[in-house]
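I opened my notebook to record what I looked up, one entry at a time.

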Amino acid sequence: MSIKLADIEIGQSHKPFIIAEMSGNHNQSLERALQIVEAAARSGAHALKIQTYTANTMTLDLDQGEFFISDDKSLWQGTSLYKLYQQAHTPWEWHKPIFDRCRELGMIGFSTPFDSTSVDFLETLDVPCYKIASFENIDLPLIRKVAATGKPMIVSTGMASVAELDDTVRAARAAGCNDIVLLKCTSSYPATPKNTNIRTIPHLRELFGCEVGLSDHTMGTGVAVASVALGASVIEKHFTLCRADGGVDSAFSLEPAEMAALVVETERAWQALGEISYGVTDAEKKSLQFRRSIYIARDVVAGEVLTSENLRCVRPGLGLPPKYYETLLGRKVNRDVKMGTPMSWDLLG
């Protein structure tokens, strides 16, 4: 099973597909946004994703009640949802220069739409695929709208129950989307490794018969690398130039050197999966000579009994295997044998 995004194949037979999520880390500067694109390309990421919405399409302009973030554990405490989305949104007139720069640098540029108007807008830019955010994975009208484009859809699964994901996948397939990727996601910012539950990844693959991956909000790269061992073929991480520069998502975003390490280490993890294998591989054949084996450890004369003094298990491995050591003790040699001779059956009397 695999799907194709632009010219890149995605699936377990291919190296992990890495998405750098810019989110609001542009800090309302197009120049910085384009610098982030360039840094993502240099890091080896395969795609760069942005988000398409306005504060008005996301919420109401209110500073009270549930429209105000008062949770003292939230990165965004003390601001209203409206002002947060004003700060984080990517101006729509930036989308084309950002996607153009992605194409120039050989990366796939795409976005997460948050309502039907943003899907219509992104279609005018001929994006190759769509992302659905965790908070929108139960918005079946939006799912159907995106699915009707016929383009691949990557869905974060944060907070969703199995029943809700079943609704999502069924709605997408019924509306024309055949290429779906489900990303295990924990919708807290940052997420802790203990709350990430990446063992869900192979279960998602089996349950829904689609490609799977991880949208990772943990710090560092360990969780993402581990997810590859569980079958993740797509990994999304938030990305910024420098966390010290600040920004709505900077606290849990990777910097360029970390993203480059993620690209390298996830590919190494994927290469290491291989298949169930025992015995000597082609790459190990030269190492066989350095195994322990049985050697004559002291000069012996014909008729002399083999003892622990003149017979030892040492490296290299050209003598009889160590499993015969006890069998050989007490036997006699049939000729004079020099120290350093690999033991063989024809030396016995």
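The entries below go from one helix to the core and then to a single residue.

I am working with a predicted model, in which local features need pLDDT of at least 70 and side-chain atom pairs count only at pLDDT 80 or more, while totals for chains, interfaces and linings use all residues. Residues are numbered from 1 along each chain as its sequence is written, and side-chain values use heavy atoms, with hydrogens and water left out.

**Helix α10.** I looked up α10, residues 256-273, which has 18 residues (helices are DSSP runs of H or I, at least four residues, numbered from the N terminus). Its buried residues are Met259, Leu262, Val263, Thr266 and Ala269, where buried means under 20% relative accessible area and exposed over 50%, with a 1.4 Å probe and protein chains only. Seen down the axis, the buried residues of α10 fall within an arc of 140 degrees (taken from the directions from the helix axis to the C-beta atoms), so they line one face. On the face turned away from them I found the exposed Ala257, Gln271 and Ala272.

**Core.** I noted that the largest nonpolar core has 56 residues (buried Ala, Val, Leu, Ile, Met, Phe, Trp, Tyr and Cys joined through side-chain atoms within 4.5 Å). Its largest share, six residues, comes from α1.

**Ala33.** Where does Ala33 sit? I found Ala33 in helix α1, buried with a relative accessible area of 0%. Leaving aside neighbours within four places in sequence, Ala33 is in contact (heavy atoms within 4.5 Å) with Met22, His26, Trp94 and Ile98.

Methods
Helices (H or I, at least four residues) and strands (E, at least two) are DSSP runs, numbered from the N terminus. The expected span of a helix is 1.5 Å times one less than its number of residues.
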